[in-house]
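Visitor: Could you take me through one part of this model closely, and then place that part within the whole chain?

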Amino acid sequence: MVDLCEVGDINASQMTAKMRASLVKNLTEYDSVVDHPGDFYCAMCTTGGVSLDEVNKKTLESKIHEGLFFAGEVLDIDGDTGGYNLQAAFSTAFLASKRIRELCG
């Protein structure tokens, strides 16, 4: 996506208004076409995401950036479908929101 917007490898604070607008437009309006569904085994897991080594497992807060929380499939949790990923999403969201409520009073 960054390549499509010709933003390059820069910090957000270095982006011009035109670059930000291009990035937002491409992130929110990018068209993609599904030419065929994946097979059964392709649909059975998700992979990748934020490493669990970088997250406090009791609060889901980043160990690197205080006040940043992760939940659901943004985390590097691999699992079969059939409700397991949904349960992980619900459980991690519950833990993160509980801690955020504690911090916000």
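Guide: What follows is a close look at helix H3, and then at the protein chain around it. This is a predicted model, in which local features need pLDDT of at least 70 and side-chain atom pairs count only at pLDDT 80 or more, while totals for chains, interfaces and linings use all residues. Residues are numbered from 1 along each chain as its sequence is written, and side-chain values use heavy atoms, with hydrogens and water left out.

Helices are DSSP runs of H or I with at least four residues, strands are runs of E with at least two, and both are numbered from the N terminus. Helix H3 covers residues 84–104, and its 21 residues, at 1.5 Å a residue (the expected span is 1.5 Å times one less than the number of residues), should span 30 Å, which agrees with the 30 Å between its end C-alpha atoms. Asn 85, Thr 92 and Ala 96 of H3 are buried, where buried means under 20% relative accessible area, exposed over 50%, and partly exposed in between, with a 1.4 Å probe and protein chains only. Viewed down the axis of H3, the buried residues lie within an arc of 45 degrees (taken from the directions from the helix axis to the C-beta atoms), so they line one face of the helix. The face turned away from this buried side carries the exposed residues Leu 86, Phe 90 and Arg 101. Just after H3, Gly 105 adopts a positive phi of about 80 degrees.

In the wider setting, the protein chain has three helices and zero strands, and buried residues make up 18% of its 105 residues.
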